[in-house]
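I opened my notebook to work through one protein chain. My plan was to look up the strands, then the charged pairs, then the surface.

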Amino acid sequence: MGCCLTVGPNEALVVSGACCGSDAKTYVVGGWAWAWWLISDTQRITLEIMTLQPKCEDVETAEGVAITVTGVAQVKVMTDKDLLAVACEQFLGKSVMGIKAVVLQTLEGHLRSILGTLTVEQIYQDRDEFARLVREVAAPDVGRMGIEILSFTIKDVYDKLDYLSSLGKTQTAAVQRDADIGVAEAERDAGIREAECKKEMMDVKFLADTKMADSKRELELQKAAFNQEVNTKKAESQLAYELQAAKEQQKIRLEEIEIEVVQRKKQISIEEKEIDRTEKELIATVKRPAEAEAYKMQQLAEGQKLKKVLIAQAESEKIRKIGEAEAISISSVGKAEAERMRLKAEAYQQYGEAAKTALVLEALPRIAGKVAAPLARTNEIVILSGDGSRVTGEVNRLLAELPVSINALTGVDLSKVRLGEISVHN
């Protein structure tokens, strides 16, 4: 019995040993293989790229200058069956670090041998050629190990005696001198050439501006013509669109109006039916009861009206009777008063001045009462005078002025009236 083993593309599987003492070996890259238990041996070897940094310190060149060179190499185990078998014989069972150490020593040895045959200038100035020589010399040796050099480059070259920097300074000075001379000559030539170029540029620019102006004028004319044509077409298209839109809008509006008319007719029909229903309902629920109530109120109002009319007629008759009685009474009183006045007038006419005097005398108490009315509300009257007989004099003066006042008011002179005559007339 056995088992099936698989391996990825970055590894190689080696199966050795088989039945009947066979020494056949199976190499598998990125596949599978069958291994028998107890009698088959399986091992793996990496096929990934390995990066090496060979470094040779203080190696003398062909001129005897000690320099240090550092390189970078990319190597890997080759997948060709024969070469893979060689690599397995050399490195199977070793780790990646062990494989790197063997190859690194080989590359550093070849790097030292090549450095001894070249000058510092050759190594420093042409690193690619130096790296190519290392690859060509080292490739056969590492190839016999089943290793392939994918790339080799020189990373750094330096020395401890500043030989390279001295070369660089001399070369730099020479290059700087040549550069200054070249710059001066170039500036001179550039000035001349610049003037010539400016003249040519101005000529070309003038011609170009002229052509550009002509082209621009032609372009503007063409654009104006195109714009006019485009605007005309746009206006025609817009007018046609608006006209068609107006027609479509009119059609839509007519259809909407027809729909509204139909809806309105239906609404009117529904409203008429609702009005008829409401009217019948109102007649049944409001009008008939209202008419009955109105008739009732009308009968009651007519009864109240008749009652009020009869009451008013009775009251009017009562007032009329009372008025007639009062009129008869007033007439009788008036006639009696007129008769009394007539008789009094006849008496006044008969007695003349004596009658007038009698009237005045009859009125004097009433006049005196009206005049003295304010004095009736007076508690005390004080007359300021130093003479005790002054009070009597004031009273006599008032009494003496009384006939004069009455004469002024009524025209009757009391001083000429005789009391006896007045009493006789009375």
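These entries record what I looked up, topic by topic. I noted at the start that this is a predicted model.

**Entry: strand β8**

I began with strand β8, which covers residues 66–77. Is β8 mostly covered or mostly open? I found it mostly covered, with 10 of its 12 residues buried.

Next I looked up the partners of β8. Strand β6 spans residues 50–52 and pairs with β8 over 3 bridges. The sense of that pairing is antiparallel. Which residue of β8 is the bridge partner of L52? I wrote down A73.

Strand β7, residues 55–60, also pairs with β8. Here I noted 4 bridges, again in the antiparallel sense. E60 has A66 in β8 as its bridge partner. I also saw that β7 and β8 make a hairpin. Between the two strands lie 5 residues. One residue in the turn is G64, and its phi is positive, about 85°.

Then I turned to strand β9, residues 147–158. How many bridges join β8 to β9? I recorded 10, and the two strands run antiparallel. G71 is matched with I154 in β9 as its bridge partner.

**Entry: M50**

I picked one residue of strand β6, M50. Is M50 buried or exposed? M50 has a relative accessible area of 3%, so it is buried. Buried means under 20%.

I then checked a distance from M50. M50 and I99 are 49 residues apart along the chain. Their C-alpha atoms are separated by 9.0 Å.

**Entry: salt bridges**

How many salt bridges are there? I noted a count of 14. I looked up several of them.

K55 and E57 came up in my list. Their side chains meet in a salt bridge, with 3.3 Å from N to O. K55 counts as partly exposed because its relative accessibility is 34%. E57 is also partly exposed, at 46%.

R188 and D189 came next. The closest N and O atoms of this salt bridge are 3.1 Å apart. R188 has a relative accessible area of 51%, so it is exposed. The cut-off for exposed is over 50%. D189 has 39% relative accessibility, so I wrote it down as partly exposed.

Then I took K198 and E194. Their closest N and O atoms are 3.6 Å apart, and they form a salt bridge. How far apart are K198 and E194 in helix α5? They are separated by about one helical turn, because they are 4 residues apart in that helix. K198 is partly exposed at 46% relative accessibility. E194 is partly exposed too, with a relative accessible area of 43%.

I added one network to this page. E129, R132 and E136 are linked by salt bridges.

**Entry: surface patches**

I finished with the surface. Which residues form a negative surface patch? I listed E271, E272, D276 and E279. I followed D276 further. It sits in helix α5, which covers residues 163–351. D276 has a relative accessible area of 40%, so it is partly exposed. A residue needs over 30% to be part of a patch, so D276 passes that cut-off.

I also looked up a nonpolar patch. L254, I257 and V261 form this patch on the surface. Together they have about 230 Å² of accessible area. Where is I257? I found I257 in helix α5. I257 counts as partly exposed because its relative accessibility is 34%. That value is also over the 30% that a patch residue needs.

**Entry: looking back**

I reread my pages. Strand β8 has bridges to β6, to β7 and to β9. Helix α5 holds D276 and I257, and K198 and E194 lie in that helix as well. M50, by contrast, lies in strand β6 and is buried.

How values were computed:
Residues numbered from 1 in each chain as written. Predicted model: local features only at pLDDT ≥ 70, side-chain atom pairs only at ≥ 80, totals over all residues. Heavy atoms only, no water. Patch = residues over 30% accessible without salt bridge, like charges linked within 9 Å, V, L, I, M, F, W, Y side chains within 5 Å. Areas by Shrake-Rupley, 256 points an atom, 1.4 Å probe, with all protein chains shown as cover. Salt bridge = Lys/Arg side-chain N within 4 Å of Asp/Glu carboxyl O. Lys, Arg positive; Asp, Glu negative; His and termini not counted. Charge placed at Lys NZ, Arg CZ, Asp CG, Glu CD. Buried < 20%, exposed > 50% of the residue type's maximum accessible area, 1.4 Å probe, protein only. Pairing = 2+ DSSP bridges.
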